[in-house]
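Work through these exercises with the structure open beside you. Try each task before reading its solution.

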Amino acid sequence: MPSDPPTLATFGETLVRLSPPREDRVATADEFAVHVGGAESNVAATAAGLGLDAVWLSKVSVGPPGDRVVSGVRAQGVEPAVVRDDDARQGLYYFEDGPRPRGATVTYDRADAAVTTATVDELPVDRVRAADALHVSGITPALSTTLAETTADLLAVAREAGTTVSFDPNYRSKLWSPAAARETLTPLLDDVDVLTVAERDAREVFDREGDPAAIARELRDDLGTTVTVLTRGDEGAVAAGPDGVVDRSAIATDTVDPVGSGDALVGALLARWLREGDLGAALADGVAAAALARTVAGDAISPSRADLNRVRERAGADEDVER
């Protein structure tokens, strides 16, 4: 296992998020809560809260929106390692979370954002080489052809340096079709050590069938990953690792904000896996972090270990289940 504390590098877009009050609509609201969020920086925030040294690589705009993203990521305990673009804009999105039956909707405004032109030549790739792990999601290569190439290049840098690669396909239907995602993401998976994939994405994007444990084992064996985690929403998560399969039931929550729970799971899992190599304990931390994230407004959390233990204790949850 890496020296203490391990270092996690992430790469991707972080956006400004605007959310109207729950009883209001984006089209009619007079006020909005402001957060920052992006899959990769969300993962870094959770890992940082649990003791990892976390750095987030990206490209942001020059000006207040880019500054807001950088300051927001830094406030989450993550070091921003960014390049600036004074000719591009910062992406943003609107999150509207209404009571049933209205439900949640997301509206993106991220076209031509600064990050879409980021190349490996301008990013601080030495941070990737020096890190114990690199985490990227499938959202990033979906944003532009340039970013698809940059993602592949960064994974190659990590592989050459011996940096553990963590990847979450994080399929978004508003960005591309399952077929397009499969075509782009499949070659990238050859460089992945820790794969975390939603069960629905494993079935829809990667055409996998069978029970969750079988899918996790199959993906691990077919892709040559060290660990494959299948997240299952309200059903918890199952993971196939070097010593077999472990699973963990979801922890019931009163949901304040559903965004970012999957990222919290990944961040907490990596934080413990990189320290201890105990997959059962890492998955238990991940499920607890996912539950905690749903109780907090905004995309990211920076939990302490005491926070995760408290979630488990109050839920009456065992740490892990092995089989």
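The model is predicted. Keep that in mind throughout.

**Exercise 1. The second largest pocket**

Task: List the residues that line the second largest pocket, then find which element gives the most to the lining.

Solution.
- Step 1. Select the lining. I251, A252, T253, A291, L292, T295, D307, R310, V311, R314 and A315 line the second largest pocket.
- Step 2. Assign elements. α10 and α11 (305-315) are the elements that give two or more residues to this lining.
- Step 3. Find the main contributor. α11 gives the most, with five residues.
- Step 4. Sort by character. The lining of the second largest pocket splits into six nonpolar, two polar and three charged residues.
- Step 5. Add the volume. The second largest pocket holds about 190 Å³.

**Exercise 2. The largest pocket**

Task: State how much space lies in the largest pocket, and name the residues nearest its centre.

Solution.
- Step 1. Take the volume. The largest pocket contains about 1,400 Å³ of space.
- Step 2. Go to the centre. Of the 50 lining residues, R172, R200, P258, S261 and G262 lie nearest the centre of the largest pocket.
- Step 3. Map the wall. Elements that each supply at least two lining residues include the helices α1 (39-49), α7 (199-204), α9 (261-276) and α10 (279-293). The strands β6 (92-97), β7 (104-109) and β10 (194-198) do so too.
- Step 4. Sort by character. The lining of the largest pocket has 20 nonpolar, 15 polar and 15 charged residues.

**Exercise 3. Two nonpolar cores**

Task: Find the residues with the most contacts inside the largest nonpolar core, and trace the contacts of L154.

Solution.
- Step 1. Find the hubs. The largest nonpolar core has 45 residues, and F11, V128, L134, L154 and F167 have the most contacts inside it.
- Step 2. Trace one hub. Beyond its neighbours within four places in sequence, L154 contacts F11, V120, L123, V125, V128 and L134.
- Step 3. Look for another core. A core of 35 residues lies apart from the largest one; A47, A268, A282 and V311 are among its residues.

**Exercise 4. One side of a helix**

Task: Which residues of α6 (residues 178-188) are buried, and why do they count as being on the same side of the helix?

Solution.
- Step 1. Pick the buried residues. In α6, A181, L185 and L188 are buried.
- Step 2. Check the arc. These residues cover only 35 degrees around the axis, so they sit on the same side of α6.
- Step 3. Recall the helix rule. An α-helix has 3.6 residues a turn, so residues three or four places apart point the same way.
- Step 4. Find the cover. α4 (139-143), α5 (145-161) and β9 (164-168) are among the elements that cover the buried residues of α6.

**Exercise 5. Far in sequence**

Task: For G267 and S304, decide whether each is buried, partly exposed or exposed. Then list what each one touches beyond four places in sequence.

Solution.
- Step 1. Locate G267. G267 lies in helix α9.
- Step 2. Classify G267. Its relative accessibility is 0%, so G267 counts as buried.
- Step 3. List its partners. Beyond four places in sequence, G267 touches V43, T46 and A47.
- Step 4. Locate S304. S304 is in the loop between α10 and α11.
- Step 5. Classify S304. Its relative accessible area is 29%, so S304 is partly exposed.
- Step 6. List its partners. With residues up to four places away left out, S304 touches G49 and L50.
- Step 7. Check the distance. S304 and L50 are 254 residues apart in sequence, but their C-alpha atoms are 5.3 Å apart.

**Exercise 6. Backbone exceptions**

Task: Identify the peptide bond from R100 to P101 as cis or trans, and give the phi values of D112 and D207.

Solution.
- Step 1. Recall the norm. Most residues other than glycine have a negative phi, and most peptide bonds are trans.
- Step 2. Read omega. Omega is near 5 degrees from R100 to P101, and the bond is cis. P101 lies in the loop between β6 and β7.
- Step 3. Read D112. Its phi is positive, about 60 degrees, although D112 is not a glycine. D112 lies in the loop between β7 and α3 (126-130). At 64% relative accessibility, D112 is exposed.
- Step 4. Read D207. Its phi is also positive, near 55 degrees. D207 is in the loop between α7 and α8. With a relative accessible area of 52%, D207 is exposed.

Conventions. Residues numbered from 1 in each chain as written. Predicted model: local features only at pLDDT ≥ 70, side-chain atom pairs only at ≥ 80, totals over all residues. Heavy atoms only, no water. 1 Å grid on protein atoms, 1.4 Å probe; cavity = no way out; pocket = protein on both sides within 12 Å on 5 of 7 lines; lining within 4 Å. Points joined across faces, edges and corners; volume = space filled by probe spheres on them. Helix = DSSP H or I, 4+ residues; strand = E, 2+ residues; numbered from the N terminus. Nonpolar A, V, L, I, M, F, W, Y, C, P; charged D, E, K, R; others polar. Core = buried A, V, L, I, M, F, W, Y, C linked by side-chain atoms within 4.5 Å. Buried < 20%, exposed > 50% of the residue type's maximum accessible area, 1.4 Å probe, protein only. Contact = heavy atoms within 4.5 Å. Arc of directions from axis to C-beta.
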